Structure formats: structure tokens, C-alpha cells
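Me: Please take a close look at one part of this structure and explain how that part sits in the whole. Plain words are fine.

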Amino acid sequence: MQQMIIEHPACLVFVMAAGAGSLLTVATDPQADPGRVGHEMTELIQRVGEHLTTPARTLPEDQ
């Protein structure tokens, strides 16, 4: 899994691909264990990722 972690004095923000066209984002206390958060996000994505897929949007044919 690829993930991005944003560190800020007030929080940590984790962003991870969750399905086709979808991202899972979690904001935590700055003292959170990044390894544990990443592991739990991966577990969640493996369980529900197929339900997080976002189909491509298309314009109506008359436009």
C-alpha cells in the first residue's frame, strides 16, 4: 500500500489509496503510532475497499 503522512504540530494526517478513484484519510493525535495507524488503515481497506470504489463520472450525452 502506498501512503502519505502529513505531520503538523496539532495532528498527523494519513492518506492511503482505498479503491479505484478513492482515498482513505485519517487524522490522529500527533502522538499516535504511525505504524499502528497505517496497519489499521490497511486492514480496513482490505475488508471494505471494494465498497469504496468511485466510478468515473461522465457528462450527459446532450452536453
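Reply: A side-chain oxygen of D33 comes to within 3.0 Å of the backbone nitrogen of G35, at the start of helix α1. This is a predicted model, and the values given here are computed from it.

G35 itself belongs to α1, which covers residues 34-48. Its relative accessibility is 49%, so G35 counts as partly exposed; the cut-off for exposed is over 50%. For a sense of where G35 lies, take P9, which is 26 residues away along the chain: the C-alpha atoms of G35 and P9 are 18 Å apart.

Now follow the helix onward from G35. α1 is made of 15 residues, and the distance from its first C-alpha to its last is 21 Å. That is close to the 21 Å expected at 1.5 Å a residue.

Which residues of α1 are buried? They are V37, G38, M41, T42 and I45. Looking down the axis of α1, the buried residues fall within an arc of 135°, so they line one face of the helix. On the other side of α1, the residues R36, Q46 and R47 are exposed. R36 directly follows G35 in the numbering, so the start of the helix can be read residue by residue: G35 is partly exposed, R36 is exposed, and V37 and G38 are buried.

What covers the buried residues of α1? The cover includes three strands: β1 (3-8), β2 (11-19) and β3 (22-28).

The wider setting is short to describe. The protein has 1 helix and 3 strands, and along the sequence they follow the pattern β-β-β-α. The radius of gyration is 15 Å, well over the 11 Å that the globule rule gives for 63 residues, so the protein is more spread out than a compact globule. Along the principal axes, the C-alpha atoms fill a box of roughly 50 × 25 × 15 Å.

Two further values concern burial and surface. Of the 63 residues in the protein, 24% are buried; V37, G38, M41, T42 and I45 of α1 are among the buried residues. The accessible surface of the protein is about 4,900 Å², and carbon and sulfur atoms account for 54% of that surface.

Finally, there are the contacts between residues at least 6 apart in sequence: 27% of them join residues at least 24 apart.

Definitions and conventions
This is a predicted model: local features need pLDDT of at least 70, side-chain atom pairs count only at pLDDT 80 or more; totals for chains, interfaces and linings use all residues. Side-chain values use heavy atoms; hydrogens and water are left out. Helices (H or I, at least four residues) and strands (E, at least two) are DSSP runs, numbered from the N terminus. Buried means under 20% relative accessible area, exposed over 50%, partly exposed in between (1.4 Å probe, protein chains only). The expected span of a helix is 1.5 Å times one less than its number of residues. The arc is that of the directions from the helix axis to the C-beta atoms. Contact means heavy atoms within 4.5 Å. A polar contact is a pair of N or O atoms within 3.5 Å; within protein, one must be able to donate a hydrogen and the other to accept it, and residues adjacent in sequence count only if both atoms are side-chain atoms. The radius of gyration is taken over C-alpha atoms; the globule rule is 2.2 Å times the number of residues to the power 0.38. Accessible areas come from the Shrake-Rupley method with a 1.4 Å probe; for residues, only the protein chains shown count as cover.
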